[in-house]
Amino acid sequence: MAFPDWAYKAESSPGSRQIQLWHFILELLQKEEFHHVIAWQQGEYGEFVIKDPDEVARLWGRRKCKPQMNYDKLSRALRYYYNKRILHKTKGKRFTYKFNFSKLIVIHHPLKAEGPLVACHVQRGRDVTGMGTGRRGGR
DNA sequence: AACGGAACTG
DNA sequence: CAGTTCCGTT
């Protein structure tokens, strides 16, 4: 599955902010060595399956120095993404979620979308990724 | 398993 | 602000 490069840039900025869960997920998805743990679902674009929930949680807990992490907690964090419109659940399919790429791409290319005024869509108070527009209010 | 409120953390 | 922890409910 081909994926926009910006999506994998989590670690490429060393002294930057803390790793975001959706970013971490993308990171695992990108690497072959984790394909038995989490992988893209063939067919639906952006849909992925967590084949080993405990392992994904363990890895996430490791990254965040949160040894008590488990799938129950991790999935709660994923559920918060529903409202932020980063992810949604694929109902019926176990451990299966789907990314909202259209949304993510709009946030990363606010002006490329259509015209000069479209940027307002992103800036109306809710930056779903926290990386798109960065600091506001400075002026 | 999946959901979502609520309190809490850095 | 982006989760983490806990937990009652479906």
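I count Ala, Val, Leu, Ile, Met, Phe, Trp, Tyr, Cys and Pro as nonpolar, Asp, Glu, Lys and Arg as charged, and the others, Gly among them, as polar.

**Setup.** I am working on a predicted model, where local features need pLDDT of at least 70, side-chain atom pairs count only at pLDDT 80 or more, and totals for chains, interfaces and linings use all residues. Residues are numbered from 1 along each chain as its sequence is written, chains are lettered from A and ligands numbered from 1 in the order in which they are written, and side-chain values use heavy atoms, with hydrogens and water left out.

**Entry 1, chain A.** I looked up the fold and found five helices and four strands in chain A (DSSP runs numbered from the N terminus: helices H or I, at least four residues; strands E, at least two). Along the sequence the order reads α-β-β-α-α-β-β-α-α. Chain A has 139 residues, and 38% of them count as buried (under 20% relative accessible area, 1.4 Å probe, protein chains only). I noted an accessible surface of about 9,000 Å² for chain A, 50% of it belonging to carbon and sulfur atoms (Shrake-Rupley method, 1.4 Å probe).

**Entry 2, DNA strand B.** I listed the residues near this strand (a heavy atom within 4 Å of it): Tyr 71, Arg 76, Arg 79, Tyr 80, Tyr 82, Lys 89, Lys 93, Arg 94 and Phe 95. By class I get four nonpolar, no polar and five charged residues at the surface near DNA strand B. Helix 3, residues 71-84, gives the most to that surface, with five residues. Of the atoms of DNA strand B within 4 Å of the protein, 50% are sugar or phosphate and the rest belong to bases.

I then checked polar contacts (a pair of N or O atoms within 3.5 Å). The side chain of Tyr 82 has an N or O atom 2.7 Å from a phosphate oxygen of DNA strand B, and a polar side-chain atom of Lys 89 is 3.2 Å from a phosphate oxygen of that strand. Tyr 80 places a polar side-chain atom 3.5 Å from a base nitrogen of DNA strand B.

**Entry 3, DNA strand C.** I find 15 residues around DNA strand C, the closest being Gln 20, Leu 21, Trp 60, Lys 64 and Tyr 81. Of the atoms of DNA strand C within 4 Å of the protein, 81% are sugar and phosphate. The surface near DNA strand C has six nonpolar, three polar and six charged residues, and helix 3 gives the most to it, with seven residues.

Which part of Leu 21 is 2.7 Å from a phosphate oxygen of DNA strand C? I find that it is a polar backbone atom. Lys 64 has a polar side-chain atom 2.9 Å from a phosphate oxygen of DNA strand C, while Asp 72 has one 3.4 Å from a base nitrogen of DNA strand C.

Conventions
A polar contact is a pair of N or O atoms within 3.5 Å; within protein, one must be able to donate a hydrogen and the other to accept it, and residues adjacent in sequence count only if both atoms are side-chain atoms. Buried means under 20% relative accessible area, exposed over 50%, partly exposed in between (1.4 Å probe, protein chains only).
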